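The following exercises concern the structure shown below. Each task is followed by a solution that proceeds step by step.

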Amino acid sequence: MEHSEWQFGTKAIHAGVTPDPTTGAIMTPIYQTSTYVQEYPGKHHGYAYARGKNPTRDALQKSIAALENGKHCLCFSSGMGAIDAIVKLLKSGDEIITGNDLYGGTYRMFTKIFHPLGIHFHFIDLSDTANIEKYIHHNTKLIWIETPTNPTMQIIDIQAYSKIAKKYGLLLAVDNTFASPYLQNPLSLGADIVMHSVTKYLGGHSDVVMGALVMNNNELYEKLSFIHNSCGATPGPMDSFLVLRGIKTLHLRMERHCFNGRKTAEFLSQHNKVEKVYWPGLPNHPNYNIAKKQMKDFGGMVSFTLKTASLEKTFQLASSFRVFSLAESLGGVESLVNHPATMTHASIPKAEREKAGVTDNLLRLSIGVEDYQDLINDLSQALEKI
Ligand SMILES: *Cc1c(COP(=O)(O)O)cnc(C)c1O
């Protein structure tokens, strides 16, 4: 049976992985080598030098491609490395349209690295699809979407933007990090490229930094492969092994992340010190219907603001947890709390940041897979202290 016919959990465990041909080892070996011996020049087993190709990475790329219903996958040494490769498809004078609520590192790369090289960016409100057409010019090449957005959990309608991208001959790339392939498959909704910070849910154990791109189009794959090998942000075999291992439980982890996410969002919604809760599974979330349409469930990322606007009180709360750890990143088995304004989003100017709802009294939670009652108790005792 082809893996394209399997359900998600079966793909997570089996896709891309075959017993090692030399020993029968059921787990993909870590091919810790930089080069491969050739019989005579150019005659080898398909592997010449490990920046270009490594069997452990090959298995991982097949696995992630299967999870995203894609034909090709390229893994990178970080999520930023993967985004960098996409922008390098463009040239000076080209334009990109993107949202105004982006991962801070993406915003930094766009404005500080690629803008000075001559690429123009429009950071717009993508919640209204009618908004975009006035920003499309003859040199517009790419629409870059993140959904759910970070940290205010806006949901952007992937299918609607794929129709616009097709109408104008633009590429549509989707940062699918927050949803993971378990919750959302942008290629199936019409996107051209899916990007992941594999560091997050795919790796799942806060022990690897990695990125990935998935696509169906062969020509696009050839171009990105060329950039991948030429620019060299490729991951090592040990990290590839760790992610292959992480992926085998992706479906189980995601079920618990979503369940705990719901419990946490419901608890915070009822709390008298909490002003606003951002979680797309709450029926009062402004994009609840789009989330329901394009996602399987609503995920484990929950943000909230406090009724007090005080930065001091917000810091006090962020430092009063016993189960949650105060740290950047997300998507691991353990619950984390993050203060976007001073941590993940510090590189965005204050005015820009606040326009996107990233105020000083906002905290973002990455809900782990612990027992939810312990998470609720922890939130409760920390909120009591302020
Ligand atoms: C973490 C993250 C990135 C960057 O990925 P790295 O693996 O840290 O380089 C990009 N987009 C989103 C949404 C992220 O959360």
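**Exercise 1. Contacts of the ligand**

How far is an oxygen atom of the ligand from a polar backbone atom of Met-80? Extend the analysis to the other residues around the ligand.

Step 1. The separation at Met-80 is 2.9 Å, which satisfies the criterion for a polar contact (a pair of N or O atoms within 3.5 Å; within protein, one must be able to donate a hydrogen and the other to accept it, and residues adjacent in sequence count only if both atoms are side-chain atoms).

Step 2. A ligand oxygen also lies 2.9 Å from a backbone N or O atom of Gly-79. At Ser-197 a polar side-chain atom is involved, 2.8 Å from an oxygen atom of the ligand. With the protein present, 93% of the 380 Å² of accessible area that the ligand has on its own is covered; such areas come from the Shrake-Rupley method with a 1.4 Å probe, and for residues only the protein chains shown count as cover.

Step 3. The shell comprises 14 residues, of which Gly-79, Asp-175, Ser-197, Thr-199 and Lys-200 come nearest; a residue is near a molecule if one of its heavy atoms lies within 4 Å of it. Helix H3 (79-87) and strand E6 (193-197) each contribute at least two shell residues. Helices (H or I, at least four residues) and strands (E, at least two) are DSSP runs, numbered from the N terminus.

**Exercise 2. Reliability of the model**

Determine where confidence is lowest and highest in the protein.

Step 1. The model is predicted: local features need pLDDT of at least 70, side-chain atom pairs count only at pLDDT 80 or more, and totals for chains, interfaces and linings use all residues. Residues are numbered from 1 along each chain as its sequence is written, while side-chain values use heavy atoms, leaving out hydrogens and water.

Step 2. The average pLDDT (the predictor's confidence in each residue, from 0 to 100) is 96, and 99% of the residues score at least 70.

Step 3. Helix H12 (residues 350-355) has the lowest mean, 85, whereas strand E7 (residues 211-215) has the highest, 99.

**Exercise 3. Salt bridges and burial**

Describe three salt bridges and the exposure of their residues, where a salt bridge is a side-chain nitrogen of Lys or Arg within 4 Å of a carboxyl oxygen of Asp or Glu.

Step 1. The structure holds 13 salt bridges. In one of them, the closest N and O atoms of Lys-88 and Asp-84 are 2.6 Å apart. Lys-88 is partly exposed at 34% relative accessibility, but Asp-84 is buried at 17%; buried means under 20% relative accessible area, exposed over 50%, and partly exposed in between (1.4 Å probe, protein chains only).

Step 2. Lys-223 and Glu-219 pair at 3.9 Å, N to O. Both belong to helix H7 (residues 218-231), four residues apart, about one turn of the helix. Lys-223 is partly exposed at 45%, and Glu-219 is exposed at 55%.

Step 3. Asp-360 and Arg-353 form a salt bridge at 3.8 Å, and Arg-353 is buried at 9% relative accessibility. These two residues join Lys-350 and Glu-354 in a network of salt bridges.

**Exercise 4. A loop asparagine**

Which backbone oxygen does the side chain of Asn-361 reach at 2.8 Å?

Step 1. Asn-361 occupies the loop between H12 and strand E12 (362-366) and is buried at 7% relative accessibility.

Step 2. The oxygen at 2.8 Å is that of Leu-306. The backbone oxygen of Thr-308 is reached by the Asn-361 side chain at 3.2 Å.
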